[in-house]
Amino acid sequence: KNRLNKELSEQKRQLEEQRDKLEEQRDKLEEQRDKLEEQRDQLIQLSHQLEEATHAKLVFFTNISHEFRTPLTLIIGQVEMLLRLHSFATPIHSRLSGIYRNCIQMRELISELLDFRKQEQGYMTIKVDRYNMVDFLHEIYSSFQEYAEQQYIRLRFEKSDDDIQVWYDARQMRKVMNNLISNAFKYTPKEGTISISIRNRIEEVVIEVTDTGRGISAED
């Protein structure tokens, strides 16, 4: 009987130890849960703050774009008036035409800033039409000619045909070409050469911007 009592007492002690351990583990789990809930609340708060900051940026872009467009529109109007006079020597008239083209392009970029909110919300669409890509690229090439002379860089334009019809979004394609050509100028030293070429192949058109700069490393 005494031995049975001892065994029961030992079992009771062990059960109490296990209960204490389980309670300790429960307390730790509850503490971890409280920490996770606190972290979750902090993440939610940070998310709200990020949304507010993003909204503030969008509002800023929209407002500043409106402010830019007003004086630019006035500049475009004044340049148009000067171009209609036809009283300037050819070099001056050519430079005024260049100023006019670049102002128009800036106005298009500002319009894109105004569409930034739509783009963020997934409302932007590609607006394609059929154009003569040769004329389009030559216009971009012409806008960089004077800059190339200032940088002592030879700028060339090559074409396989005078008329190559392509479907594309002119605004987006202009951004692509301006980016490629600007990067070519960035990495081409003086006395170097930048070439813009367009070739018509069977069922495809190949456009290339090449330069005599340092190029891209094999790793990149």
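## Basis of the report

Helices (H or I, at least four residues) and strands (E, at least two) are DSSP runs, numbered from the N terminus. The structure is a predicted model, in which local features need pLDDT of at least 70 and side-chain atom pairs count only at pLDDT 80 or more, while totals for chains, interfaces and linings use all residues. Residues are numbered from 1 along each chain as its sequence is written, and side-chain values use heavy atoms, with hydrogens and water left out.

## Helices H1 and H2

Helix H1 covers residues 2-85, which makes 84 residues. From its first C-alpha to its last, H1 reaches 123 Å, close to the 124 Å expected at 1.5 Å a residue; the expected span is 1.5 Å times one less than the number of residues. The buried residues of a helix are those under 20% relative accessible area, whereas exposed means over 50% and partly exposed lies in between (1.4 Å probe, protein chains only). In H1, Leu58, Ser65, Leu72, Ile76, Val79 and Leu83 are buried. An α-helix has 3.6 residues a turn, so residues three or four places apart point the same way.

Ala53 also belongs to helix H1 and is partly exposed, with a relative accessible area of 35%. The C-alpha atoms of Ala53 and Arg95 are separated by 42 Å, and the two residues are 42 residues apart along the chain. Just after H1, His86 takes a positive phi of about 55°. Helix H2 (residues 90-114) follows with 25 residues and a reach of 36 Å from first to last C-alpha, close to the 36 Å expected. Its buried residues include Leu96, Cys103, Ile104, Ile110 and Leu114, and also Ser97, Gln105 and Glu112.

## The contact of H4 with H5

Helix H4 (residues 133-150) and helix H5 (residues 170-187) have axes that come within 11 Å and cross at roughly 35°. Here the axes are lines fitted to C-alpha atoms, for helices over the stretch in contact, and angles run from 0 to 180 degrees between N-to-C directions. The crossing is right-handed, a term used if the near helix is turned clockwise from the far one by less than a right angle; an anticlockwise turn would be left-handed.

Which residues of H4 meet H5? They are Met133, Phe136, Leu137, Glu139, Ile140, Phe144, Tyr147 and Ala148, and their partners in H5 are Ala170, Met173, Arg174, Met177, Asn178, Ile181, Ser182 and Phe185. Contact means heavy atoms within 4.5 Å. The residues of this contact divide into 12 nonpolar, 2 polar and 2 charged, where Ala, Val, Leu, Ile, Met, Phe, Trp, Tyr, Cys and Pro count as nonpolar, Asp, Glu, Lys and Arg as charged, and the others, Gly among them, as polar.

Ala184 is placed in H5 and is buried, with a relative accessible area of 3%. Leaving out residues up to four places away in sequence, Ala184 touches Ile194, Val209 and Asp211. Ala184 and Ser195 are 11 residues apart in sequence and 9.3 Å apart in space, C-alpha to C-alpha.

## Aromatic pairs

Rings of Phe, Tyr and Trp (its six-membered ring) pair if their centres lie within 6.5 Å; planes under 30 degrees apart count as stacked, over 60 as edge-to-face and the rest as tilted. By this rule the count comes to 5 aromatic pairs. The rings of Tyr131 and Tyr168 have centres 5.0 Å apart and planes at 45°, so this pair is tilted. Tyr131 lies in strand E1 (residues 129-132) and Tyr168 in strand E3 (residues 165-168), so the pair ties together parts that are 37 residues apart in sequence.

Is Tyr168 buried or exposed? At 4% relative accessibility, Tyr168 counts as buried, whereas Tyr131, at 31%, counts as partly exposed. Ring pairs link Tyr131, Phe136 and Tyr168 into a cluster.

## Loops and strand E4

Tyr152, in the loop between H4 and strand E2 (154-159), has a positive phi of about 60° although it is not a glycine. Glu191, in the loop between H5 and strand E4 (193-201), has a positive phi near 70° and is exposed, with a relative accessible area of 53%.

Asp163 is found in the loop between E2 and E3 and is partly exposed at 48%. Apart from neighbours within four places in sequence, Asp163 is in contact with Asn132 and Val134. Ser197, in strand E4, counts as buried at 8% relative accessibility. Ser197 touches Glu158, Val206, Ile207 and Glu208, not counting residues up to four places away in sequence.
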